[in-house]
Structure formats: C-alpha cells, structure tokens
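Hi,

Here is the model I said I'd pass along. Have a look at it first, and then read my notes underneath.

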Amino acid sequence: MCQGKLESNPTYTRANITMPDYQIYHRMDELLGEVDALVDRHPGIMRRDMMEATVDGYSTKMSVVSVSPGGFDGKLDEKLRILLNFGEHARELVTSELALRLLSMLGGEHNLTVDNRTRLAHILPHTVMKIIPMENVNGRVKVEAGDLCERKNGRGVDTNRNWKVDWGKKEKDYNPNEEYPGTAPFSEPETRILHQLVKEFAPQVWVNVHSGMEALFMPYDHKKMVPNDSGGVAVRNLLQVLNEQHCQGRCAVGSGGAFVGYLSHGTATDYIYDVAKVPIALTLEIFGDEKTPDEDCFRMFNPVSYNQLEEVLAKWSTIFFALLVNLPKTLSSMPSTIAATSWDISESSSLRPLKQFEYLYNGSGELKKLGRVWHGMDTVSEGLRTPDTEASLQYYLLFCLMLLIMSWFRCSRRYKRLFFYIRSVSRR
C-alpha cells in the first residue's frame, strides 16, 4: 500500500535491485492454478467463480473462491460473511501467497495455526467467506515482466484510489505514477467487480490485504481519525489485542490516514465502511522493509528469503484466525442491524459445532489432531474434517466392513469343510 518511487534516485542502478525468486514465490499462473486445484479437491466446502468485466476496451478477470467450512447446504445468508481481497497492488506478491496459504489451511492441507482451537471449531461451520486471491492480474503481468515497482492495474490506474469516497482529491505530495485515481469513480473493471461482490454478498467483514509496513488498519484512509461510535471502539480494541498478542506491539493500529504518512482518497476500505455500511472494514499491512531504498521495490514490499516468507505467512495466518475467533464478540457490540445477528458462539453456548467437526474433540473437551496424507506427503493437519473428507472416510469404513464380511464368509466355508471332513473320518 505504501508508495515507492523508482524514478527518485537516478544513481540507483538495475544491478542494485532485488529480483523475485520464483523458486520461493509462485508466478501468477502457477498460484491461480494451485487455487483451482485446491478448490477441485474440496468441492464440499469450496467453489470458484470467474468474474469478468470490460470498460472502454480494457478487460480483466478475477477468480473468486467461496469457502463454507460447514458446507453449502442451508441458508448462507444466516452465516457470518467475510470478504477478503489480496493482490490489489501488483508489486505486493506476498499478499497472494498469504491467500493461497489460508485456503490450504481452510482445506485442511496445511497446519492450522490458532490459539483457541475449540472456539474456532464452533465458529467456522457458521462462517462463509469469499476470497479474491489476486485482484490485479493485469498489473501482476507487468511485474513478472520486470516492472517491479508497478502497483497500478493494466492501464495505469490505482484501483485503491478508484472508489467513490473522497475520490479524486489530491494531496500536495500526490504522485500520478503511484496513485492515479482514474477518470471517474468505478472507472475500472477491477473496482466494478469488487463493488458488485460487496452488494451481492453483503459481508459483515471486509479485509483488504497489502504490504509496505506492518499494520492493522481500520477506517479512515482519507482522514486522520477512526470511527468513535461503539462499533469503532470495539474494532480498535480488537486490533489492539491482536497487536499485543501477535505483533508484540510493533504493528501500527488505527487509522491508515494517521499512520501511513499520507492521506489516501478513494480507497476501498473507506467506501465499504462509509457507503456499503459493512460494520468491520479492515486493511492489513503484512510486511514492509522500510530501510530499503524506494527503488528496490520487490525487497521493500516482499520477504526475499524462504525463511522470511514462511515467517510472514505463519504470523499473518495466525492473526487471521485469531481475528476470526474474536469476530462474533466484536460484532455483538455493533449498533448496526446488519451486525446485530446473534453471534453468541462460544464453547459454553448451546450452539454446538456441526457433526463433521465433532471429531476435533477428545474426552476432555480439547481438540485432537488428525493425520492426513496429501500426494504422498505425510503431514499432521490440525485443520478441519470437512464434508468432502467426511464422505471419503465413510466410504473407507464401508470398504473395510465389506472386506471383513467377505473374509468371514470365506473362513465360514473352510470351517464347514473341515468340520464335515473330521466327522467323516471319525465314523470310519
């Protein structure tokens, strides 16, 4: 989200610039291909839609993954609805890597990292998410072609300046190479797709994931203040807790306008909070090397080593699930009728986890671990038994039962032959 300026230092040569290591990072086609394969392996809890839009001859496609850990049966509008957006700025590759990691965890293919696992098992069956792994695919093409500082879309518009709230206002330090807002609000197909999703899905929670620093932001971006009603206070308190527990107090918390160093006009989070009335609207900044020169954009916005990348993905996936665990309590304090749905989901409440989650508990009420095997790799999934894996287990047990019955029949026939042979010998 933070701005970089490749043109600011003419003495900084190409030889000084860090290049992406695609042994560590996925290229765009590889990442979206892995997302598709993951959805195909979990049809009981995941679905994918490809949304397309064209404006004045400029087109884009956006993959949208729906995840419903309790299955897609029943009324989805009665569940907690979360909309997560990744890869809005093209140069922030790490954000789409986090999207893939979260999807893997939700599918039970990667260790689930969360402190209060019991509470999570109560909440997830009653949650539905829509996840955009990579909003800005056209800008990403430019980055992979070598334009490592590109953050805008395929025709040079910053889609996080293309929303209607305070659109087009320019600060004294406005840089059109970084934050050109387009010719009008919603002039871009990317923002039109997201706008449509917000209207149709009606989420209670919006999370826009960026990099450039470490921060847990809430509205506003276009002014140095946060909402001061009871809902705003509740969200700020939640972010402070996450900061202390998982950022060791190092993450910026509050208004993006107050902490980023500049005001941002026409952002998605401000519109989704102010106009769409989504009660919890957040921007997460998951990484930033602020000591790096502005010209070295890849290093500034993305971890450069495998260990560093894994550390970031582990930390922010933990923060996401910690956020999820605390959402019902936070929503219950909201004045909005949208958020006033009963989310009293706790271990002591009468709302029990769905059947496919009961295996997570042992006799003492604590969660158990489940060994899973994927593509020959034996891992311990501390994730979830989902409806599709539940069905697979039932087929396996039925198969074992059939083998047992067949073995019994074979043994029975042999026993009878032996019995008649002994009787005939004894009578001789």
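**Helix 2 and its partner**

Let's start with helix 2: at 1.5 Å a residue its 14 residues should span 20 Å, and its end C-alpha atoms are 21 Å apart, which agrees. Bear in mind throughout that this is a predicted model.

Helix 2 is mostly covered, with 14 of its 14 residues buried. Just after the helix comes Gly108, which takes a positive phi of about 80°.

How do helix 2 and helix 11 cross? Their axes (residues 93-106 for helix 2, residues 306-332 for helix 11) come within 10 Å and cross at roughly 60°. That angle makes helix 2 oblique to helix 11, since the roughly perpendicular class runs from 65 to 115 degrees. The crossing of the two is right-handed. On the helix 2 side, the contact is made by Val94, Glu97, Leu98, Arg101, Leu102, Met105 and Leu106. Helix 11 brings Leu309, Glu310, Val312, Leu313, Trp316, Ser317, Phe320 and Phe321. Sorted by type, the residues of this contact come out as 11 nonpolar, one polar and three charged.

**Helix 7 and what leads into it**

Helix 7 (230-246) passes the length check too: its 17 residues should span 24 Å at 1.5 Å a residue, and the end C-alpha atoms are 24 Å apart, which agrees. Its buried residues are Gly231, Gly232, Ala234, Val235, Leu238, Leu239, Leu242, Asn243 and His246. As for spacing in a list like that, an α-helix has 3.6 residues a turn, so residues three or four places apart point the same way.

What covers the buried residues of helix 7? The cover includes strand 6, strand 7 (252-255), strand 8 and helix 11. So helix 11 turns up again, having already appeared in the contact with helix 2.

After helix 7 comes Gln248, with a positive phi near 55°. On the other side, the loop between strand 6 (213-218) and helix 7 holds Tyr220. The peptide bond from Pro219 to Tyr220 is cis, with omega near 15°, so please check that your setup keeps it.

**Two more backbone spots**

Asp166 has a phi near 60°, a positive value in a residue other than glycine. You'll find Asp166 in the loop between helix 4 (137-144) and helix 5 (176-179). Is Asp166 buried, partly exposed or exposed? Its relative accessible area is 29%, so Asp166 counts as partly exposed.

Lys277 is not a glycine either, yet its phi is positive at about 60°. Lys277 lies in the loop between helix 9 (268-274) and strand 8 (280-287). With 52% relative accessibility, Lys277 counts as exposed, because the cut-off for that is over 50%.

**A buried threonine**

Thr159 is also found in the loop between helix 4 and helix 5. At 1% relative accessibility, Thr159 counts as buried, whereas Asp166 in that loop is partly exposed. Leaving aside neighbours within four places in sequence, Thr159 is in contact with Glu88, Glu135, Asn153, Glu188, Glu190 and Thr191. Thr159 and Arg192 are 33 residues apart along the chain, and their C-alpha atoms are separated by 9.9 Å.

Cheers

Conventions. Residues are numbered from 1 along each chain as its sequence is written. This is a predicted model: local features need pLDDT of at least 70, side-chain atom pairs count only at pLDDT 80 or more; totals for chains, interfaces and linings use all residues. Side-chain values use heavy atoms; hydrogens and water are left out. Helices (H or I, at least four residues) and strands (E, at least two) are DSSP runs, numbered from the N terminus. Buried means under 20% relative accessible area, exposed over 50%, partly exposed in between (1.4 Å probe, protein chains only). Axes are lines fitted to C-alpha atoms, for helices over the stretch in contact, and angles run from 0 to 180 degrees between N-to-C directions. Angles under 35 degrees count as roughly parallel, over 145 as roughly antiparallel, 65 to 115 as roughly perpendicular and the rest as oblique. A crossing is left-handed if the near helix is turned anticlockwise from the far one by less than a right angle, and right-handed if clockwise. Contact means heavy atoms within 4.5 Å. Ala, Val, Leu, Ile, Met, Phe, Trp, Tyr, Cys and Pro count as nonpolar, Asp, Glu, Lys and Arg as charged, and the others, Gly among them, as polar.
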